[in-house]
Every structure is written in C-alpha cells, then in structure tokens.
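Visitor: I'm new to this structure, and I'd like a close look at a single part of it. Could you pick one pair of neighbours and walk me through what is there?

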Amino acid sequence: KYISEYFAKRDFKQINELINTGFVFYSILATIIIVLSFFVTKPLLKFFSIPEAIQAEASFVFLVGIVLFNVSNALSPFNAILEGLQRMDISNKVNIVMAIPNVLGTIFFLENGYGLPGLMVNNVINFGMMSLLKIIFAFRILPEIRFDPFLFNGAMFKKLFEFGYKLQLSRLAYLVNFQTDKLL
C-alpha cells in the first residue's frame, strides 16, 4: 500500500524509510520470538503429548518453522516492493521457477529417509533461494532502494504498525492453517 503511494509521488526517501523501518522492526521482533521459542519448545511438546522418541525431531521442526516465519517477516518489505509496484509478473515467475527445486527437494529428502526434518530443511533452502531472487529483482526494478537500517523512522513505524498488525494476524492465521500438518 505505502510503496505504491510513495512510488506514485516519486518519494524515494519515504520508500527507503518504509523498507528499512519494516526490516529493522521485524528483525528485532524475530530475534525476540526466536529466542523465546527456545524456552517454550519443551513445554509445548509436553502440552501436545509428543512421545519422547520423537521430541528431538518435533523440537527441530518447531524451531525451524519459527525461524522461517520470522525471517519471512523480516524480509517482507523487499517482497512488498514487487507487490507495491504491481510486478506480480516477477513474483509469479520466481514462484513458478522455485516450484521445481521445491518438488525435487521434497522427493530427495523423503526418498532418502529424512522425513519431516528433511522437508523443513527443504523449505529453508527454497525460502532462501526465493528470497534472494526477489530481493535481487526488487533492487533491479527500483534502483533507488538503499538498504540502511539507520533509516529507521519512528513516525513511519507508527504508520506501519497501525496498518500492519492486522496483516500479521492474517499471516498468523495462514501459518496455523497451512503449517499445522507439519507440526502434527
């Protein structure tokens, strides 16, 4: 929303503040959540009555899922550039191209007996490659972008927070809906 608005005004200063403020906030939040997740993993495993024999595997899957979710949030401002500039063609091409290594990785990890932890590693690999591609394209289509965490802006944070908490509730619902099977 805001990238489109600022781009229409050719206000690259605001775009840079927006991207860097979002990145800094989500990075700090991610760090806090990831650290906290190490303390809640064992209680959650007990709450869900995970058998002792698979607790190490379940713990690994849970922690990797938490890290992926939070890193995804931290990198979302760069993906927002493609969406805000209506470059769904690029996003869709990246998603389609990345489906191939995702399928191949899934087959590899399952055929070699890595099970659910292997699938999570596959998700990490594919997320990393997809994120890198989207960041590269974001910088190519909007060369005015400057990655500088010191461009964090309190007023921009307030504006983003008022809009973004609703979006995050939606993303959390998505995560619960589409990742619960991996947890189970």
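Guide: Happy to! Let's look at helix H2, which spans residues 12-47, and helix H3, which spans residues 55-84: their axes come within 9 Å and cross at roughly 170 degrees. Please keep in mind that this is a predicted model. An angle over 145 degrees counts as roughly antiparallel, and therefore H2 and H3 are roughly antiparallel to each other. Sorted by class, the residues in the contact of H2 with H3 are 20 nonpolar and nine polar, with no charged ones.

Now stay with helix H2 and find phenylalanine 39, which lies in it. Is this residue buried or exposed? Its relative accessibility is 63%, and the cut-off for exposed is over 50%, so phenylalanine 39 counts as exposed. Phe39 also belongs to a nonpolar patch on the surface, with an area of about 700 Å². The other residues that make this patch are Ile28, Ile32, Val35, Leu36, Phe38 and Val40.

To place the pair in its setting, step back to the whole chain. There are six helices and zero strands in it, so to speak an α-α-α-α-α-α run when you read the elements from the N terminus on. The chain has 184 residues, and 34% of them count as buried. Taken along the principal axes, its C-alpha atoms fill a box of roughly 60 × 35 × 25 Å.

Conventions:
Residues numbered from 1 in each chain as written. Predicted model: local features only at pLDDT ≥ 70, side-chain atom pairs only at ≥ 80, totals over all residues. Heavy atoms only, no water. Axes fitted to C-alpha atoms, helices over the stretch in contact; angles between N-to-C directions. Helix = DSSP H or I, 4+ residues; strand = E, 2+ residues; numbered from the N terminus. Parallel < 35°, antiparallel > 145°, perpendicular 65-115°, else oblique. Nonpolar A, V, L, I, M, F, W, Y, C, P; charged D, E, K, R; others polar. Patch = residues over 30% accessible without salt bridge, like charges linked within 9 Å, V, L, I, M, F, W, Y side chains within 5 Å. Areas by Shrake-Rupley, 256 points an atom, 1.4 Å probe, with all protein chains shown as cover. Salt bridge = Lys/Arg side-chain N within 4 Å of Asp/Glu carboxyl O. Buried < 20%, exposed > 50% of the residue type's maximum accessible area, 1.4 Å probe, protein only.
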